[in-house]
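Trainee: Before I use this model at the bench, I would like to go through the terms attached to it and ask what justifies each one.

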Amino acid sequence: MKKELLLIFLFAILLYGCKGDEVVIRDGVDLEYITIENDSIPNAIPIIDHESKSIKNNQFVAKEAEVFVELDKAIRTGIVNYEDNIYFASGKNYYAYNVDTKKLVWTYTTEDSNYSVASIVGNRIIFSASDTLYCLDVNTGEEIFKFTHNSIGSTKGISSLSYVFVETNPKVHNDIIYYSVLDGTIIAVDLQTGNKIFEIVPELPGAIVSGIEYYNGYIYYLDCGGNLRAADALTGKMKFKSEIWDNTYSSMTISDGKVFVGGRSARFYCIDALTGEVIWNVSPYLAGSWYSGGSIVYDGNVYALTSDAINVQVINIESGETVKTYYAFSNAYTAPILEESNMIMVSTDVYNLDKSYVLSFDLDTDSLLWRTKISDVSFTKPCVVKGKVFIGSDSGTIYTIDK
């Protein structure tokens with residue numbers, strides 16, 4: 001299939017002509033078939049401009065990754081930073097490591113394997129594992145409190161693999177922690193006392209794998225039936241249920257009164273955060289591709305990460321039109337991060353370790369700055385500390401890359 005796509009790419013060059021490092025595409029050419037790495041130019045990929053219908057061969061720098069630490073269990077949580085330490089989970093252990101010395105600061109063992117991304121508030125680090133919420137001293141790892149809510153019925157049918165695709169992390173706002181358990185119940189817990197404030201019981205039991213987001217007095221989440229829900233952050237009272245009927249592993253992005261989220265039905269949605277009304281939805285250029293990697297918002301566009309389409313779709317927020325496409329080399333399953341004008345992301349292939357990468361795009365110039373091959377499966381959101389990018393992997397290795 002790749003050879004066929006490459007032939008089409010070369011055919012487009014011959015048929016439609018070149019201008020320096022750009023390929024000009026005439027009306028009627030389907031750009032879906034040109035999102036492919038141009039092997040004829042070393043370290044180059046196409047950046048597609050859908051408005052001008054042109055392709056720029058973007059050359060980038062190949063960087064090497066260094067091993068920071070190697071553990072014996074997969075690291076599927078995002079890595080978070082506080083002062084000189086990074087924090088992450090591997091199996092049933094939560095770790096704090098010093099970024100300068102690479103030495104272990106503390107470790108804490110949970111009752112179940114941990115796929116949660118921690119939140120840090122003051123001197124407290126908060127994370128969850130299965131049905132239990134943990135609150136520790138961020139400096140010492142000593143337990144301040146833990147809270148357990150038993151899920152409704154059996155949760156054996158809910159695979160922990162659900163948590164691979166998206167960060168599932170407790171959110172903290174105004175000293176209230178919001179977290180979800182395996183049956184989809186959302187619990188609000190007092191950060192200071194560890195006591196329950198309220199709970200939201202799902203209509204149908206099923207894990208929330210898109211996380212919880214806070215915005216303007218409400219918490220937002222997608223239930224297992226594919227409905228976007230908004231509830232009052234103080235009482236848990238439901239504000240609306242937006243029936244988009246789309247299962248999703250994609251984390252949400254909320255910006256300027258709009259919720260952005262992708263689904264497994266090959267649709268990416270822009271939803272009004274006040275009413276739940278769908279403003280627009282778009283499809284990727286490869287039919288059937290999931291939007292499983294989350295998104296970021298920058299300068300009037302939303303950058304949506306896809307899996308099978310192997311690209312970043314740049315969508316104008318006002319019009320809902322796709323304006324550019326960045327080739328991503330492999331599937332994206334976790335949200336990117338934004339560092340000034342740079343978007344740093346992970347793309348990974350669970351079947352081919354030679355196709356797992358960390359990428360840094362400059363969004364102002366629409367160019368890939370650098371690419372690092374890690375030859376490992378990674379489902380973790382990147383973290384930047386002291387000029388280095390930290391990435392976890394399924395081999396239990398944390399890698400660093402100079403930003």
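Trainee: Why is Phe329 called buried?

Mentor: In this predicted model, Phe329 has a relative accessible area of 1%, and because buried means under 20%, the residue counts as buried. Phe329 lies in the loop between strand 30 and strand 31 (337-339), and although it is not a glycine, its phi is positive, at about 75 degrees.

Trainee: And what makes Lys386 exposed?

Mentor: The relative accessible area of Lys386 is 51%, and since the term exposed requires a value over 50%, Lys386 is exposed. Lys386 also has a positive phi without being a glycine, here of about 50 degrees, and it is found in the loop between strand 35 (383-385) and strand 36 (388-392).

Trainee: How do you know that Thr132 is buried, and what makes its link to Thr148 a polar contact?

Mentor: Thr132, which is placed in strand 13 (residues 132-137), has 3% relative accessibility, and because the limit for buried is under 20%, it qualifies. As for the link, the side chains of Thr132 and Thr148 are joined at 2.9 Å, and a polar contact is a pair of N or O atoms within 3.5 Å, so the term applies. Leaving aside residues up to four places away in sequence, Thr132 touches Glu111, Phe127, Lys146, Phe147, Thr148 and Tyr179.

Trainee: Which residues have the most contacts inside the largest nonpolar core, and what makes such a set a core?

Mentor: A nonpolar core consists of buried residues of certain kinds, Tyr, Met and Phe included, joined through side-chain atoms within 4.5 Å. The largest one here has 22 residues, and those with the most contacts inside it are Tyr303, Tyr326, Met343, Met345 and Phe361. At least two residues of this core come from each of strand 3 (44-49), strand 27 (295-298), strand 28 (301-305), strand 29 (311-316), strand 30 (322-327), strand 32 (342-347) and strand 33 (357-362). Apart from this core lies another, of 15 residues, including Tyr87, Ala96, Ala129 and Leu136.

Trainee: What does Tyr303 touch, if residues up to four places away in sequence are not counted?

Mentor: With that exclusion, Tyr303 touches several residues, among them Tyr326 and Met343, as well as Ile296, Val312 and Leu363.

Trainee: Why are strand 21 and strand 22 said to pair?

Mentor: Five bridges join strand 21 (residues 227-232) to strand 22 (residues 238-243), and because pairing needs at least two bridges, the two strands pair; they run antiparallel. Arg229, for instance, has Lys241 in strand 22 as its bridge partner. The hairpin they form has five residues between the strands, and there Gly236 takes a positive phi near 85 degrees.

Trainee: How do you know that strand 20 pairs with strand 21?

Mentor: Five bridges also join strand 20 (residues 218-222) to strand 21, so the requirement of at least two is met, and this pair is antiparallel as well. Within it, Ile219 stands opposite Ala231 in strand 21.

Trainee: What makes strand 19 and strand 22 edge strands?

Mentor: Four strands form an open sheet in the order 19-20-21-22, with antiparallel pairing. Strand 19 (213-215) and strand 22 each pair on one side only, and they are the edge strands of the sheet. From one strand to the next, the twist averages 20 degrees.

How values were computed. Residues numbered from 1 in each chain as written. Predicted model: local features only at pLDDT ≥ 70, side-chain atom pairs only at ≥ 80, totals over all residues. Heavy atoms only, no water. Buried < 20%, exposed > 50% of the residue type's maximum accessible area, 1.4 Å probe, protein only. Contact = heavy atoms within 4.5 Å. Axes fitted to C-alpha atoms, helices over the stretch in contact; angles between N-to-C directions. Polar contact = N/O pair within 3.5 Å; in protein donor to acceptor, adjacent residues only side chain to side chain.
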